Amino acid sequence: MPIPPIPWPGLVVGFAVALALLWVGLPIARRIDWVDYPDLRKCHRTPTPLIGGVAMYCGYVLGGTLLDATPGMSGGIMWTVATCIVIVGCLDDCWHLRPLVRLMAELGMAFLMTGWGGVLLHNLGNLFGYGIVGLGVWFVPFTMIGFVGVINAINMSDGLDGLAGGQSLVAFLVLLFLAVQAGRWQEVWWILLAVVVLIPFLLFNAPFIKGKDARVFMGDSGSMLLGLLLVWFTVTLTQGSHAACSPVVALWILAVPLIDMFSSIVRRLFSGHHPFASDTGHIHHVLLALGCNKQQVFLILVGTSTLLSLLAVTAHLLTIPDAILFYSFLALLGGYCWFMLKHNKKA
């Protein structure tokens with residue numbers, strides 16, 4: 001199949017809009033006090049504007065209007081869900097919504113994505129080595145749980161300069177490679193657009209210079225938007241007769257944020273705390289406590305995400321059985337949870 005023409009206008013507009021809004025929005029956000037203030041749990045030292053998510057959203061929407069193909073977005077389904085999720089994120093940034101309120105909002109948007117958009121997990125691949133694991137009548141609730149899980153995993157990783165954006169960039173690039181290899185051009189341009197609007201944010205946010213704080217944060221609006229896009233494309237690319245990869249490969253692509261989220265929930269439950277309560281027990285907090293600086297933590301965790309993603313892609317290309325990948329993931333998850341529980345007892 002020949003490669004379709006690259007939709008340069010959409011990509012250029014997406015990049016330009018995101019960059020311009022970040023540049024112009026910094027002083028405006030400070031003037032209206034739309035900033036994140038430092039505290040004992042957070043890693044930054046000065047009040048930082050929270051406009052990154054809105055800038056990425058505007059770049060993605062405006063750039064997307066110039067793309068030709070739509071990945072199952074009839075009736076503006078993705079735009080509707082993305083708009084709702086960014087609004088909820090902005091409300092959470094400004095007024096710190098209660099966990100239950102936020103969870104109900106996320107479930108509502110997950111229902112929109114599954115019930116209206118038809119973005120659904122129908123099977124999990126050959127996870128156990130005994131045949132394809134179909135979800136039967138559970139495909140809607142399982143997809144909704146996955147939606148909420150990924151969104152919160154990306155949100156929980158957004159506690160250090162560049163971390164959520166860097167890990168998301170790695171995931172998008174790997175998904176882009178898999179989509180190109182499978183000839184899924186409908187998704188290729190939309191994933192590429194996500195990369196294009198994320199890069200300007202990282203230029204303002206990632207710790208490329210040692211000792212220099214981020215100039216802008218994505219806020220919950222940004223982390224939830226990235227989570228939505230990652231869920232959307234991992235589901236669409238792993239399902240159907242022309243799937244780009246199996247679901248367990250997507251699990252490895254998002255391994256670092258998912259494992260950190262799951263271990264944090266387990267750790268909090270063992271400690272008698274709310275599973276979604278904020279604390280300083282995430283992996284980036286642990287590495288900082290061990291003496292790493294923010295730049296080193298960024299490189300370690302984004303590098304680990306890259307390594308695990310490349311291992312998953314290599315396994316996919318070598319047609320290594322899903323069961324081996326799944327049991328290896330469970331072993332990694334179990335080992336990390338054990339380590340974090342021991343570390344929590346010593347702390």
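**Entry 1: helix H4**

I began just past helix H4, where Gly 118 follows and has a positive phi, near 70°. Helices here are DSSP runs of H or I with at least four residues, strands are E runs of at least two, and both are numbered from the N terminus. I noted that this is a predicted model, in which local features need pLDDT of at least 70, side-chain atom pairs count only at pLDDT 80 or more, and totals for chains, interfaces and linings use all residues. Residues are numbered from 1 along each chain as its sequence is written, and side-chain values use heavy atoms, with hydrogens and water left out.

Next I checked the length of H4. The helix covers residues 99–116, which is 18 residues. The expected span is 1.5 Å times one less than the number of residues. That gives 26 Å for H4, and the end C-alpha atoms are 25 Å apart, so the two agree.

Then I asked which residues of H4 are buried. They are Arg 102, Glu 106, Met 109, Ala 110, Met 113 and Thr 114. These residues cover an arc of only 135° around the axis, so they sit on the same side of H4. The arc is taken from the directions from the helix axis to the C-beta atoms. Buried means under 20% relative accessible area, exposed means over 50%, and partly exposed lies in between (1.4 Å probe, protein chains only).

I turned to the other side of H4. There, Leu 100, Met 104, Phe 111 and Gly 115 are exposed. What covers the buried residues? The cover includes helix H3 (77–95), helix H5 (139–157) and helix H8 (219–238).

**Entry 2: salt bridges**

I searched the whole structure and found six salt bridges. A salt bridge is a side-chain nitrogen of Lys or Arg within 4 Å of a carboxyl oxygen of Asp or Glu. Side chains of opposite charge can pair when their charged atoms come close.

I looked at Arg 102 again. Arg 102 pairs with Asp 92, and their closest N and O atoms are 2.6 Å apart. Arg 102 is in helix H4 and Asp 92 in helix H3, so this pair ties together parts ten residues apart in sequence. Both residues are buried. For Arg 102 the relative accessible area is 7%.

Arg 102 also meets Asp 220 in a salt bridge, at 3.2 Å from N to O. Asp 220 lies in helix H8 and Arg 102 in helix H4, so this pair ties together parts 118 residues apart in sequence. Asp 220 is buried too, at 15% relative accessibility. I then saw the wider picture: Asp 92, Arg 102, Glu 106 and Asp 220 are linked in a network of salt bridges.

I moved on to Asp 161 and Lys 294. Their closest N and O atoms are 3.0 Å apart, and they form a salt bridge. Asp 161 is in the loop between H5 and helix H6 (163–181), and Lys 294 is in helix H12 (residues 294–317), so the pair ties together parts 133 residues apart in sequence. Asp 161 and Lys 294 are both buried.

**Entry 3: positive phi outside glycine**

Asp 33 has a positive phi, near 65°, and is not a glycine. I located Asp 33 in the loop between H1 and strand S1 (35–36). Asp 33 is partly exposed, at 43% relative accessibility.

Thr 319 is not a glycine either, yet its phi is positive, about 55°. I found Thr 319 in the loop between H12 and H13. Thr 319 is exposed, with a relative accessible area of 66%.

**Entry 4: Asp 322 and Ala 243**

I placed Asp 322 in helix H13 (residues 322–346). Asp 322 is buried, with 15% relative accessible area. What does Asp 322 touch, not counting residues up to four places away in sequence? I listed Gly 125, Asn 126, Leu 127, Ser 246 and Val 248. Contact means heavy atoms within 4.5 Å.

Ala 243 is in the loop between H8 and helix H9 (247–253). Ala 243 is partly exposed, at 33% relative accessible area. Leaving aside neighbours within four places in sequence, Ala 243 is in contact with Arg 184, Leu 237 and Thr 238.
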